[in-house]
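Hi everyone, and thanks for making the time. I'd like to walk you through a structure that is new to most of us, so please have the view open as I talk.

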Amino acid sequence: MSEFWLISAPGDKENLQALERMNTVTSKSNLSYNTKFSIPDFKVGTLDSLVGLSDELGKLDTFAESLIKRMAQSVVEVMEDSKGKVPENLLANGVDLTSFVTHFEWDMAKYPAKQPLVCVVDTLAKQLAQIETDLKSRTAAYNTLKTNLENLEKKSMGNLFTRTLSDIVSKEDFVLDSEYLVTLLVIVPKPSYAQWQKTYESLSDMVVPRSTKLIAEDNEGGLFTVTLFRKVIDDFKTKAKENKFTVREFYYDEKEIKREREELSRLLSDKKQQYGPLLRWLKVNFSEAFIAWIHIKALRVFVESVLRYGLPVNFQAVLLQPHKKSSTKRLREVLNSVFRHLDQVAAASVLDASVDIPGLQLGNQDYFPYVYFHIDLSLLD
């Protein structure tokens with residue numbers, strides 16, 4: 001499973017023994033794979049400042065998770081024709097996300113632990129905010145280009161009634177620059193081809209004999225040319241309609257057709273040129289955002305552990321990876337049992353939702369006697 005539980009317990013002898021019991025039970029019952037999660041010693045500051053940071057980190061955690069989901073979705077959208085290769089572009093420091101989480105090490109160079117906690121959090125917040133700003137501008141430009149290209153390409157799709165004809169017809173299909181004559185395009189149902197050939201010359205006066213030619217077909221019918229005198233256009237359209245032939249409104253403009261073709265070529269070229277740089281940017285900055293997110297998780301464990309267990313700082317963080325979804329309920333029961341001594345009343349009430357403790361959402365089991373945070377990588381699949 002690509003799901004992790006990040007927990008902590010006090011680092012005294014009794015609780016280290018509890019962690020050992022947890023490891024033994026979860027291993028024997030094949031409930032989870034557990035590893036120590038190393039978190040450096042930070043400058044704690046005041047408890048008041050930690051309370052403020054706890055709230056700020058909660059919001060930053062949510063923002064970071066939302067950001068990496070959006071970036072992962074952007075990679076999927078950009079790699080529209082190569083979706084099988086998406087996972088190899090969603091890495092953290094060059095390794096898959098599960099490996100990065102299970103082998104996490106705090107980046108001292110990027111986020112110095114000697115700095116006050118508030119400075120570390122501020123660095124992470126600014127970094128993620130900048131990534132989001134760049135993501136919006138880069139993807140907006142690419143998506144505008146992609147939409148314009150799709151709109152042009154859609155014109156070449158559909159049936160003969162709706163699609164553009166500029167890529168079907170040619171200059172030779174029309175009588176151009178004539179004061180008296182004009183060439184019309186008529187859509188004829190396939191079963192009516194023979195009827196069209198027999199009757200088109202007599203649908204109106206002044207139709208040029210043998211002037212029809214089939215220039216395109218789709219599943220439903222064909223596109224025929226017919227040349228006639230301009231002054232009988234309206235009469236011809238009326239008679240054609242009565243016979244279930246449809247005159248398609250079209251004016252051959254060589255300059256407009258050339259402009260459309262050049263625009264399509266330009267958009268295809270621009271998309272190809274932007275694809276590589278955008279994908280590289282997404283790959284690099286997804287990694288940066290994901291790494292920042294896991295650092296935020298580590299900070300949350302540190303702050304909540306100090307607030308929960310007190311000073312001096314002494315706790316052990318552990319990363320659990322449940323083996324399967326069906327075992328998570330049993331795993332939770334094991335943890336609640338092993339660490340029940342940390343908060344007798346609250347732990348008992350988790351198992352008995354009828355006990356009312358103000359501030360705890362026990363019905364949803366949001367409170368546990370140990371520090372707990374969730375990391376769900378399946379949301380990025």
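Let's start with strand β1: eight of its eight residues are buried, so β1 is largely enclosed by the rest of the structure. By buried I mean under 20% relative accessible area, with exposed being over 50% and partly exposed in between, using a 1.4 Å probe and protein chains only. Helices (H or I, at least four residues) and strands (E, at least two) are DSSP runs, numbered from the N terminus.

A word on where this comes from: it is a predicted model, in which local features need pLDDT of at least 70 and side-chain atom pairs count only at pLDDT 80 or more, while totals for chains, interfaces and linings use all residues. Residues are numbered from 1 along each chain as its sequence is written, and side-chain values use heavy atoms, with hydrogens and water left out.

Now, which sheet does β1 belong to? An open sheet of four strands, in the order β2-β7-β1-β8, with antiparallel pairing. At the edges are β2 (32–36) and β8 (371–376), each of which pairs on one side only. On average, neighbouring strands of this sheet are turned by 25° against each other, direction ignored. Two strands pair, by the way, if DSSP finds at least two bridges between them.

Follow β1 (residues 3–10) to its neighbours. Six bridges connect β1 with β7 (residues 315–322), and the two run antiparallel. Leu 6 stands opposite Leu 319 in β7. To β8 there are six bridges, again antiparallel. Ser 8 is a handy marker here: its bridge partner in β7 is Ala 317, and in β8 Ser 8 stands opposite Val 371.

What lies across this sheet? Helix α7 (residues 254–309) lies across β1, β7 and β8, and runs at about 165° to β8. For that angle, axes are lines fitted to C-alpha atoms, for helices over the stretch in contact, and angles run from 0 to 180 degrees between N-to-C directions. Contact means heavy atoms within 4.5 Å.

Just along the chain, in the loop between α7 and β7, you'll find Pro 312. A cis peptide bond joins Leu 311 and Pro 312, with omega at about -5°. Most residues other than glycine have a negative phi, and most peptide bonds are trans. On the phi side, have a look at Asn 30, in the loop between α1 (13–28) and β2: its phi is near 55°, a positive value. Asn 30 is partly exposed, at 46% relative accessible area. Asp 177, in the loop between α4 (117–154) and β3, also has a positive phi, near 55°, and Asp 177 is exposed at 84%.

That brings us to β3 (residues 181–189), where seven of the nine residues are buried. β3 pairs with β5 (residues 221–229) in the antiparallel sense over nine bridges, and Ile 187 stands opposite Leu 223 in β5. Three bridges join β3 to β6 (residues 246–248), also antiparallel, with Val 186 partnered by Val 247 in β6.

Next, a single residue: is Thr 212 buried or exposed? Thr 212 counts as buried, because its relative accessibility is 16%. Its place is the loop between α5 (193–199) and β4 (213–217). The side chains of Thr 212 and Trp 196 share a polar contact of 3.0 Å. Such a contact is a pair of N or O atoms within 3.5 Å; within protein, one must be able to donate a hydrogen and the other to accept it, and residues adjacent in sequence count only if both atoms are side-chain atoms. A polar atom of the Thr 212 side chain also lies 2.7 Å from the backbone oxygen of Thr 225.

Finally, the aromatics. Rings of Phe, Tyr and Trp (its six-membered ring) pair if their centres lie within 6.5 Å; planes under 30 degrees apart count as stacked, over 60 as edge-to-face and the rest as tilted. By this rule there are 21 aromatic pairs. In one of them, Phe 368 and Tyr 372 have ring centres 5.1 Å apart and planes at 75°, so the pair is edge-to-face. Phe 368 is buried at 7%, whereas Tyr 372 is partly exposed at 21%. Arg 332 lies over the face of Tyr 372, at 4.2 Å from the ring centre.

Key:
Lys NZ or Arg CZ within 6 Å of the ring centre and 35° of its normal.
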